Amino acid sequence: MPRPDFNEEEVDNTNTLICEELRYNRCSLSKEYEELLVKLTMEQKLVYDRIIKAVHEDKGGFFFLYGHGGTGKTFIWKTLSFAIRCRGDIVLTVASSGIASLLLAGGRTAHSRFAIPLNATEDSTCNIKQGTPLSKLIVKTKLIIWDEAPMMHRYCFEALDRTLRDILRFKDASNLDRPFGGKTVVLGGDFRQILPVIPKGTSQDI
């Protein structure tokens, strides 16, 4: 259901992707966010503060949150998501697998959200064209959270990097030379999990 304070005039209401990402009850999210914030440990709070500062400054940033299961990564993802969404902004939460995406608020698989080729190569780009609803959604996005990142081949990240640079260079030409087009991106995961097998892969590939 639409949130009570959702104003269709705030966005291009022909873009259902943006409308879906803004269709939250901001009052309810704000209360939940305040409850989550006070439960952060000191270490989690330092991580949260650094990422949210990058989001608010809107200058871009690239972070990796490492931690094994049970260290509270999902809790931080939830706190960050609620902090941004309760302000009426957009955060895209994705994971490398369908099961992991179910643990994220509004989560999708990375392949589904960013149209990443299933068999990515070193020259791949995402199937996102300039001016499409998905590209407009990405332009309005304040933060991208990608969980279980070590389970994906680096070509997938490189494809997204190329695509975001291409899309966002029209907003600011300098974005062409900035990681992920100047978007704030957070990757998370555990390097102690089994990584994808790369047949005859070099040390750099692994």
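Let us start in the middle of the sheet, with strand β2: Ile-90, Leu-92 and Val-94 point one way from it, Val-91, Thr-93 and Ala-95 point the other way, and all are buried. Put as a count, six of the six residues of β2 are buried, so the strand is mostly covered. Please keep in mind that this is a predicted model.

With that strand in view, we can step back to the whole chain. The protein chain has eight helices and five strands. Read from the N terminus on, the elements follow the order α-α-α-β-α-β-α-β-α-α-β-α-β. Of the 206 residues in the protein chain, 43% are buried. Among contacts with a separation of 6 or more, 64% link residues that are 24 or more positions apart.

Now to the sheet itself. The five strands form an open sheet with parallel pairing, in the order β1-β5-β4-β2-β3. Which strands stand at the edges? They are β1 (61-66) and β3 (108-109); each has a single partner strand, so one side of each is left without a neighbour in the sheet.

Going back to β2, we can look at its partners in turn. With β4, β2 pairs in the parallel sense over six bridges, and Ala-95 has Asp-147 of β4 as its bridge partner. With β3, β2 also pairs in the parallel sense, here over two bridges. On that β3 side, Val-94 stands opposite Arg-108, and Ala-95 stands opposite Thr-109.

At the other edge, six bridges join β1 to β5, and these two strands run parallel. Within this pairing, Phe-64 stands opposite Leu-187 in β5. In a regular strand the side chains alternate between the two faces of the sheet. β1 shows such an alternation: Gly-61, Phe-63 and Leu-65 point to one face and are buried, while Phe-62, Phe-64 and Tyr-66 point to the other and are not. It is worth setting this beside β2, where the residues pointing either way are buried.

What packs on the sheet? Helix α3 (residues 42-57) does, touching β1, β4 and β5, and its direction makes about 160° with that of β1. Helix α7 packs on the sheet as well; it touches β2 and β4, and its direction makes about 100° with that of β4.

Helix α3 also has a helical partner. Two packed helices are described by the angle between their axes and the distance between the axes. For α3 and helix α4 (residues 73-85), the angle is about 35° and the axes are 11 Å apart. The crossing of α3 past α4 is right-handed. On the α3 side the contact is made by Gln-44, Val-47, Tyr-48, Ile-51, Ile-52 and Val-55, and on the α4 side by Phe-75, Ile-76, Thr-79, Leu-80, Ala-83 and Ile-84.

The interior comes next. The largest nonpolar core has 29 residues, and those with the most contacts inside it are Phe-114, Ile-116, Cys-126, Ile-138, Trp-146, Leu-160 and Leu-164. Two or more residues each come from α1 (16-22), β2 (90-95), α6 (110-114), α7 (133-140), β4 (141-147), α8 (154-168) and β5 (184-189). Helix α8 gives the largest share, eight residues. Not counting residues up to four places away in sequence, Leu-160 touches Phe-114, Cys-126, Trp-146 and Phe-180. A second, separate core of 25 residues includes Ile-52, Val-55, Phe-63 and Ile-145. Two of these names are familiar: Ile-52 and Val-55 belong to the α3 side of the contact with α4.

What about the cysteines? The structure holds zero disulfides. Cys-86 is in no disulfide, and the nearest cysteine sulfur, that of Cys-27, is 9.8 Å away. Cys-86 counts as buried because its relative accessibility is 15%. Cys-19 counts as buried too, at 4% relative accessibility.

We finish in the segment after β5, where Asp-205 is found. Is Asp-205 buried or partly exposed? At 22% relative accessibility, Asp-205 counts as partly exposed, because buried means under 20%. Leaving aside neighbours within four places in sequence, Asp-205 is in contact with Arg-154 and Ile-198. Asp-205 and Arg-154 are 51 residues apart along the chain, yet their C-alpha atoms are separated by 7.9 Å.

Terms used:
Residues numbered from 1 in each chain as written. Predicted model: local features only at pLDDT ≥ 70, side-chain atom pairs only at ≥ 80, totals over all residues. Heavy atoms only, no water. Disulfide = S-S within 2.5 Å. Buried < 20%, exposed > 50% of the residue type's maximum accessible area, 1.4 Å probe, protein only. Core = buried A, V, L, I, M, F, W, Y, C linked by side-chain atoms within 4.5 Å. Helix = DSSP H or I, 4+ residues; strand = E, 2+ residues; numbered from the N terminus. Contact = heavy atoms within 4.5 Å. Pairing = 2+ DSSP bridges. Axes fitted to C-alpha atoms, helices over the stretch in contact; angles between N-to-C directions. Left-handed = near helix turned anticlockwise from the far one by under 90°.
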